[in-house]
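Me: I've just opened this one and don't know my way around yet. Can you walk me through it?

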Amino acid sequence: MNQEIIAEPTVIPVGDGTGPVIAFTAIPSTLDGDAIVANALVQSVASADEAADLSSILTLQFSAEGEFPAEGVEVYLNSNVDLMAIASMPVLPEA
């Protein structure tokens with residue numbers, strides 16, 4: 001119980017060229033209210049009052065072209081970073 005989780009590489013099978021083409025896009029943005037101020041994730045160096053309206057977001061988008069088989073499809077993502085570490089970063093409470 002409570003053992004350290006050690007990530008193992010996933011064996012990704014070679015596709016056979018059938019099925020839909022799946023695309024994955026990650027779109028980083030930093031917003032000031034409704035306005036995009038950067039096309040990247042930005043950690044503000046402003047004071048808490050000045051940075052109150054700044055928000056960094058990462059939008060993940062999957063799109064598909066083609067017909068899905070009745071049994072569905074399995075999608076594998078290659079990444080040089082641990083995506084779960086990014087997805088589980090703590091959210092700081094508002095000041």
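Reply: Sure, one term first: strands (E, at least two residues) and helices (H or I, at least four) are DSSP runs, numbered from the N terminus. This is a predicted model, where local features need pLDDT of at least 70 and side-chain atom pairs pLDDT 80 or more, while totals for chains, interfaces and linings use all residues. Residues are numbered from 1 along each chain as its sequence is written, and side-chain values use heavy atoms, leaving out hydrogens and water.

Me: Okay, how many helices and strands does the protein have?

Reply: There are three strands and one helix. Going along the sequence, the pattern reads β-β-β-α.

Me: And how much of the protein is buried?

Reply: Just 6% of its 95 residues. Buried here is under 20% relative accessible area, exposed is over 50%, and partly exposed is in between (1.4 Å probe, protein chains only).

Me: Where is phenylalanine 24?

Reply: Phenylalanine 24 sits in strand E1. Its relative accessibility is 35%, so it counts as partly exposed.

Me: Which residues form the nonpolar patch on the surface?

Reply: Phe24 is one of them, and others include Ile22, Leu41, Leu58, Phe62 and Val81. Together the patch residues have about 1000 Å² of accessible area, by the Shrake-Rupley method with a 1.4 Å probe. Patch members have over 30% relative accessible area and no salt bridge, with nonpolar side chains joined within 5 Å. A salt bridge means a Lys or Arg side-chain nitrogen within 4 Å of an Asp or Glu carboxyl oxygen.

Me: Which elements give two or more residues to that patch?

Reply: Strand E1 (21-32) and strand E3 (54-65). E3 gives the largest share, three residues.

Me: Switching topic, where is alanine 26, and why does it count as partly exposed?

Reply: Alanine 26 is in strand E1 too. It counts as partly exposed because its relative accessibility is 43%.

Me: What separates alanine 26 from threonine 59?

Reply: Along the chain they are 33 residues apart, yet 5.7 Å separates their C-alpha atoms.

Notes
Patch = residues over 30% accessible without salt bridge, like charges linked within 9 Å, V, L, I, M, F, W, Y side chains within 5 Å.
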